[in-house]
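Biologist: Got a minute to go through this structure with me? I'd like to start with the metal and then move on to the domains.

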Amino acid sequence: MNPEVTTRIAVWLAWAKKTVVFTGAGISTESGIPDFRSPGGIWSKYRTVYYDEFLASADARLEYWRQKSIGHRDFAGAQPNAGHCVIAQWEAAGRIHGVITQNIDGLHQIAGNQNVLELHGTARQILCQDCGARFDADPLVAEFLATERVPACSHCADGRLKHATISFGQALPGDVLEKAARLCEQADLLFAIGSSLVVSPAADLPAVTKRHGGRLVIINRETTPLGAIADEVVHESIGPTLAAIARRCATVISDS
Ligand code: NAD
Ligand code: ZN
């Protein structure tokens, strides 16, 4: 990474009043979870089960559980990588005010972040669509894999259980979206990390920070449509990039 760019970003981070981190699937590829675009990723192999279909049809629920249970293995064994760990250390040190993520893998929380807004929910939990009860995903996925029968809610007897993620055709949670927009408005520095930044709200949130006078740093090994409005763009791997910024930031602070 160009040392001048590292220093510039590290200085912004050291002196920012409110830094927010926004992440997409790219931050978890170094943990072995394929992103949306990877050919052969689980996301590209199966037919989409839309939310309405899931609610209406037992066959659709069976198909959904088959897909999700296979996909669950990708998440269940994955561990946070260097990028997640740097972001967790920044939160522990009071250097960032929160993480907004599109990811459903829960790796930010496992790394130690507490202030995480999950725009697309979490695959670590199962949510009853009828009574709202929540369950740990692991045992229910294991039960499905052993029986090939869609589990029913134990709280309301036979409620429809689904991963606590946002399905195609389902609205994003308004309260979470609202909080994310607020954070982006208040941020004087926003890192947009590992997102293709093409689909809303990912495509819109960084622009919110820019409109309110904050700086935008994009880290993505490919170009994104928001590169033109960013203050700095780093086209390199996320883990080593964040580690380099963290090291430089520590020296900026100790020299001041
Ligand atoms: P995306 O797949 O559209 O884009 C990922 C971006 O990250 C790409 O632009 C790619 O160039 C970049 N990237 C990947 N690995 C990188 C690395 N190691 N270093 C630097 N850049 C890297 O992701 P998105 O914008 O988050 O949209 C994907 C959608 O699919 C989201 O809705 C998300 O919820 C879902 N999804 C989630 C997961 C997960 O939870 N880990 C995984 C796949 C998809
Ligand atoms: Zn229920």
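**Metal site and domains**

Modeller: The zinc ion (ligand 2) has four protein donors, Cys128 (SG), Cys131 (SG), Cys153 (SG) and Cys156 (SG), lying 2.3 to 2.4 Å from it. Keep in mind that this is a predicted model.

Biologist: What geometry does the site of the zinc ion (ligand 2) have?

Modeller: Tetrahedral, with angles of 108 to 111 degrees among the four donor atoms. For reference, the ideal angle for four tetrahedral donors is 109.5 degrees.

Biologist: And how are the donor residues spaced in sequence?

Modeller: The pattern for the zinc ion (ligand 2) is C-x2-C-x21-C-x2-C.

Biologist: Changing topic: which domains does the assignment give for the chain?

Modeller: Domain 1 is 1-33 + 80-120 + 173-256, and domain 2 is 34-77 + 121-165. The contact between them takes 16 residues from domain 1 and 14 residues from domain 2.

Biologist: How far apart are the C-alpha centres of domain 1 and domain 2?

Modeller: They lie 29 Å apart.

Biologist: How much area do domain 1 and domain 2 bury between them?

Modeller: About 1100 Å², with 57% of it on carbon and sulfur atoms. On the side of domain 1 that touches domain 2, the residues divide into seven nonpolar, seven polar and two charged.

Biologist: How many salt bridges across that interface?

Modeller: Zero between domain 1 and domain 2 by the rule used. Three residue pairs are in polar contact across the interface, both residues at pLDDT 80 or more.

Notes. Residues numbered from 1 in each chain as written. Chains lettered and ligands numbered in written order. Predicted model: local features only at pLDDT ≥ 70, side-chain atom pairs only at ≥ 80, totals over all residues. Heavy atoms only, no water. Domains from an automatic or database assignment. Contact = heavy atoms within 4.5 Å. Buried area = accessible area lost by both parts, 1.4 Å probe. Salt bridge = Lys/Arg side-chain N within 4 Å of Asp/Glu carboxyl O. Polar contact = N/O pair within 3.5 Å; in protein donor to acceptor, adjacent residues only side chain to side chain. Nonpolar A, V, L, I, M, F, W, Y, C, P; charged D, E, K, R; others polar. Donors = N, O, S within 2.8 Å, 3.2 Å for Na, K, Ca; no water. Tetrahedral: all angles 85-135°; square planar, octahedral: opposite > 155°, others 65-115°.
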